Amino acid sequence: SGMSLVCGIATPAAQAAYAACLDKNIPVVFNAVSDPVAAKLAKSKTEAVDGISGISDELPVEAQLKLIRAVLPEAKKIGILYTTGEANSVSTIKTYKELAGKYGFEIVDKGIGKQAEVAQAADVLVGEVDCISNMTDNTVVSALAAVLEKANAKKIPVFGSEEEQVKNGCIASAGLDYVELGKMAGRMAAKVLKGEDIKNLPYQTVENPVITVNEKVAQDLGITIPEDVLKGANVQ
């Protein structure tokens, strides 16, 4: 309704914005979309589709696996909760499974359909794994407190995907700086508003993961964070 540009944050909002704006020739800049290609918001990493582009919060899965191995040298099974209807989560699960063997891990995943199912799925998962790796799954993140409650009761560490999750009780993360994502999206929006055709702007990603550690959570769980992990990490 009279907008020059719309920004959709996270996959569901970005898809809805694109569906509403395409026929009206209103450009959409998305932010925090983990897999734009799977979400049909991009053709590839180098080619945008008409009317939309933006910033991806594609998770640095390999960096996360390296971090988990460093913190938990004896761990074998990583649990992951995800929403089966979120394309970004399905894609990221696939990446975890492709890379897990390289670090001696097995991925145990539990799919859920809605937020009300998260606590029950977490209750089952904590009995099967050595730790949990949380993603940027919108439904699961909104119920992170329930996941942490179930995991802490069993002394199962939960690794987050970004700093705020670590602040809220996860033990550590090799994740993303969402403030930087916001700045990147703002710069892209500015280009579009100044007249650049959005289809000439392929989506972007943040290249360098940020290591964040919650030392109190580690102490409560009886886990010692290695010095080489702490060095250079953001310690909460």
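The following paragraphs lead through a sheet, the helices that lie on it, and one helix pair in a predicted model.

The sheet is open and consists of four strands in the order β1-β2-β3-β9, with parallel pairing. Its edges are taken by β1 (6-9) and β9 (204-205), each of which has a single partner strand, so one side of each is left without a neighbour in the sheet. At the β1 edge, four bridges join β1 to strand β2 (residues 28-31), and the two run parallel; within this pairing, G8 has F30 in β2 as its bridge partner.

Two helices can be placed against these strands. Helix α1 (residues 11-21) lies across β1, β2 and β3 (52-56), and the direction of α1 is at about 150° to β1. Helix α8 (residues 178-193) also packs on the sheet, where α8 touches β2, β3 and β9, and its direction makes about 160° with that of β3.

A further contact is made between two helices. Two packed helices are described by the angle between their axes and the distance between the axes. For helix α4 (residues 118-125) and helix α6 (residues 144-153), the axes come within 9 Å and cross at roughly 25°. Because angles under 35 degrees count as roughly parallel, α4 is roughly parallel to α6, and the crossing of the two is right-handed. On the α4 side the contact involves V118, A119, A122 and D123, which meet A146, V147 and K150 in α6. In character, the residues of the contact of α4 with α6 comprise five nonpolar and two charged, with no polar ones.

How values were computed. Residues numbered from 1 in each chain as written. Predicted model: local features only at pLDDT ≥ 70, side-chain atom pairs only at ≥ 80, totals over all residues. Heavy atoms only, no water. Axes fitted to C-alpha atoms, helices over the stretch in contact; angles between N-to-C directions. Parallel < 35°, antiparallel > 145°, perpendicular 65-115°, else oblique. Left-handed = near helix turned anticlockwise from the far one by under 90°. Contact = heavy atoms within 4.5 Å. Nonpolar A, V, L, I, M, F, W, Y, C, P; charged D, E, K, R; others polar. Pairing = 2+ DSSP bridges.
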